[in-house]
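Colleague: Can you walk me through this one? Keep it quick.

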Amino acid sequence: MISLPFFKITELQNNTYIKKAILMKPKYTIAVTGLNNTDNPGPGVPVIRALREANAFDVRIIGLAYENLEPGIYMENITDKVYQIPYPSSGSDELLERIKYINNKEKINVLIPNFDAELFTFIKSAEKLNKMEIRTFLPAIKQFEERHKSVLPEFGKKYGLDIPFSKTITKLSDINNIQYEFEYPVLVKGQFYDAYLAYNPAQVTEFFNKISAKWGVPIIIQEFIRGTEVNVIALGDGEGNTIGAVPMRKQYITDKGKAWGGITLGDENLIKITKNLIKNTKWRGGMELEIIKTHADKYYIIEINPRIPAWVYLAVGAGQNLPEALVKSALGEKVEPFKSYDVGKMFIRYSYDLIGDISQFEKFSLTGEL
Amino acid sequence: MKIRKNIAVSENGFLFDPNTGESFSLNETGKQILKMMKENKSEEEISDWFSTNYEVDKITFENNFNDFITVLQNYRITE
């Protein structure tokens with residue numbers, strides 16, 4: 001058999017050759033975090049599913065896990081190899097040292113970080129990763145910083161978006177002043193995770209303590225907008241173009257506020273808002289917009305998550321394989337924007353008991369590899 | 001009164017609003033009304049059809065029809 005770059009030529013018995021119309025796909029090694037496919041799921045497992053279904057390339061998947069019981073470590077046909085990595089809070093040097101060790105063994109082509117809390121470190125380390133020949137496709141640090149929950153109202157003013165009024169507080173004594181600027185109920189939010197609806201100062205105090213104990217301060221107090229929450233997953237090319245965007249409404253929400261079921265929407269206003277935002281910010285990478293649509297048809301952006309959300313596989317099911325497009329973009333390939341998606345596609349999560357063996361757990365716990 | 005163009009109604013009377021993601025199930029009567037409204041039939045034509053095919057007088061039908069339209073308006077199914 002003779003292999004040419006793009007076609008496979010097979011020698012037949014009668015010495016004739018046929019050119020098989022099989023395009024030889026390149027194979028990329030892609031490292032992915034967020035394997036915590038729990039009731040508060042990270043996007044890692046659905047991102048991997050999407051990459052395994054990519055048309056343009058084959059993949060070898062390197063899972064990067066922080067905890068030794070992240071389900072994605074043990075799921076079949078998800079990762080090819082998993083490495084434990086240190087939390088970004090241990091310092092970026094330690095994390096990069098570990099990535100360097102993994103890269104020496106695996107030769108990673110693209111790294112897709114999926115946690116809010118790790119993004120800053122990976123964005124800051126983009127140059128160092130580049131030197132290791134590891135590509136990422138993340139927002140610039142300015143884009144990442146200006147859409148933080150704590151400065152979202154300023155972001156809204158700058159880009160002409162409707163954003164609920166919000167203030168950050170850092171100490172319990174600030175709670176007394178909330179009544180002068182807000183009408184109850186208000187949303188009490190952590191910088192990265194968690195949001196609770198509080199109807200009075202006592203509840204704000206309770207949630208302040210709960211969130212700050214877990215994620216620290218500041219705490220964000222946000223005006224509560226009544227309406228329906230809708231979400232958009234999108235991918236920006238960094239030059240102002242939207243490669244893809246799919247809106248979704250959560251149909252079933254867990255007690256952690258996570259989507260357990262959802263359906264794609266055909267609301268063109270959501271696509272317009274997303275495209276404008278990406279155009280004005282020149283957003284690079286994946287993002288999720290969390291939007292409240294009021295009964296008066298006003299759209300308030302309540303959060304901008306600078307990464308692919310855990311429900312990304314719905315977008316794949318609706319016809320937009322955004323993780324595939326992200327990898328191509330990271331590798332500098334020209335990616336044609338998606339033109340459409342299916343409206344009325346649904347996803348429903350489920351729980352499933354995997355049976356593992358203590359030897360797997362032992363190996364991963366002791367060696368940090370599986 | 002018109003049904004929004006992108007509203008989808010299946011043969012079984014399952015209505016899906018792609019703007020909101022809401023879905024509803026219609027009974028036979030509701031399904032028939034939606035079908036006729038989508039065909040741009042007037043209220044009078046719909047009323048005539050029901051009084052011919054069902055044992056219902058026009059006043060009773062129109063009262064019920066108006067209630068149904070109010071429900072459709074509340075759910076923003078109409079334009």
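Modeller: Here is a short run through confidence, the core, two helices and the interface.
Modeller: This is a predicted model, where local features need pLDDT of at least 70, side-chain atom pairs count only at pLDDT 80 or more, and totals for chains, interfaces and linings use all residues. Residues are numbered from 1 along each chain as its sequence is written, with chains lettered from A and ligands numbered from 1 in the order in which they are written.

Colleague: What pLDDT does chain B average?
Modeller: Chain B averages 92, on the predictor's 0 to 100 confidence scale for each residue. The complex gets an ipTM of 0.77 and a pTM of 0.86.

Colleague: Which residues touch the most other members of the largest nonpolar core?
Modeller: A:I30 and A:V312, out of 81 residues. A core here is a set of buried Ala, Val, Leu, Ile, Met, Phe, Trp, Tyr and Cys residues joined through C-beta atoms within 7 Å. Buried means 20 or more other C-beta atoms within 10 Å of a residue's own, with C-beta atoms placed from the backbone.

Colleague: And helix 12 of chain A, how many of its residues are buried?
Modeller: 9 of the 9, residues 322–330, so helix 12 is largely enclosed by the rest of the structure. Helices are DSSP runs (H or I, at least four residues), numbered from the N terminus. Among the buried ones are A:E324 and A:K328. Just after that helix, A:G332 has a positive phi of about 80°.

Colleague: New topic. How many residues of chain B are in contact with chain A?
Modeller: 6, and they meet 9 residues of chain A. Contact means C-beta atoms, placed from the backbone, within 7 Å.

Colleague: What follows helix 3 of chain B?
Modeller: B:R76, with a positive phi of about 55°.

Key
Helix = DSSP H or I, 4+ residues; strand = E, 2+ residues; numbered from the N terminus. Contact = placed C-beta atoms within 7 Å. Buried ≥ 20, exposed ≤ 12 C-beta atoms within 10 Å, placed from the backbone.
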